[in-house]
Amino acid sequence: HYGRGPRDALQEQLDADKAYLDLYNDFLKLAESGVKMILEGKVRPCPPMLAYGSGGEKYIIGGLMFRKAWNWEILNQNVGEGDSAFKVAGHELKALQFVQGKIDTLLAPLSCTVDLFGIRYLVQSIAPIESDTLAYGSWTDGLVYENRDPLAAECAKAVAQLCNIKEHAVIERLTDRKIEPFYTPGTLEFHKREDDYVCYPVSFGRL
């Protein structure tokens, strides 16, 4: 019996990289097809919801979330449409891709942007996010904060270290409660189900 050698480990890594590339290419094809379906009027937008960020039309197609870069709301400000909205969606994509695979307890979704006929959509694989899964941060632009889960707090601390963000305090606007230490921008969202050992990121474009 022989143990695994360097060549075996290298081949496993190559196989894993190829499998990921194939998966991501399939994801890109589905994302483009989904945007075409939206523009052709074959899919109706979801009812208004706070999950996956405030504002913007949202669609669910084939296990993917499509969010139109239009009328997103950040810190009670509507970014409108056009270049500003495109840049905000681009920041969200860059942030998700930046943290992907770097922190064991943070599971960033597959994501991309699709530009078609002058309209941009942020597309990402759906995570198990509900109204009660927010474990750290705020999805009410700082009106109230969640900081109830130790694993989520450690995950936020790891993100802060990765991005060279100094710990600080935040003030809850509803109660004037001061929360410290706080590790990330207050409006980042770390979602976690009770039976999970990983967090799911939302609104990371504010890093």
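1. Let's start with Asp149. In this predicted model, Asp149 sits in the loop between strand S8 (146–147) and helix H3 (150–162). So take a look at that loop first, with S8 on one side and H3 on the other.

2. Is Asp149 buried or exposed? Asp149 counts as buried because its relative accessible area is 15%, and the cut-off for buried is under 20%.

3. Now for what the side chain of Asp149 is doing. One partner is the backbone nitrogen of Leu151, which the Asp149 side chain reaches at 2.9 Å. Another is the side chain of Lys192, with a polar contact at 3.2 Å.

4. Which residues does Asp149 touch, if you skip those up to four places away in sequence? They are Ala135 and Lys192. You've already met Lys192 as the polar partner of the Asp149 side chain.

5. On to the cysteines. A disulfide is a covalent bond between the sulfur atoms of two cysteines. How many disulfides does the structure hold? The count is zero.

6. Why does Cys46 have no such bond? The closest cysteine sulfur belongs to Cys112, and at 17 Å from the Cys46 sulfur it is too far for a bond. Cys46 itself is partly exposed, with a relative accessible area of 22%.

7. Cys155 is worth a careful look too. Its sulfur lies 4.3 Å from the closest cysteine sulfur, the one in Cys199, and that is still too far for a bond, because a disulfide needs the sulfur atoms within 2.5 Å. Cys155 is buried, with a relative accessible area of 0%.

Notes: Residues are numbered from 1 along each chain as its sequence is written. This is a predicted model: local features need pLDDT of at least 70, side-chain atom pairs count only at pLDDT 80 or more; totals for chains, interfaces and linings use all residues. Side-chain values use heavy atoms; hydrogens and water are left out. Buried means under 20% relative accessible area, exposed over 50%, partly exposed in between (1.4 Å probe, protein chains only). Helices (H or I, at least four residues) and strands (E, at least two) are DSSP runs, numbered from the N terminus. A polar contact is a pair of N or O atoms within 3.5 Å; within protein, one must be able to donate a hydrogen and the other to accept it, and residues adjacent in sequence count only if both atoms are side-chain atoms. Contact means heavy atoms within 4.5 Å.
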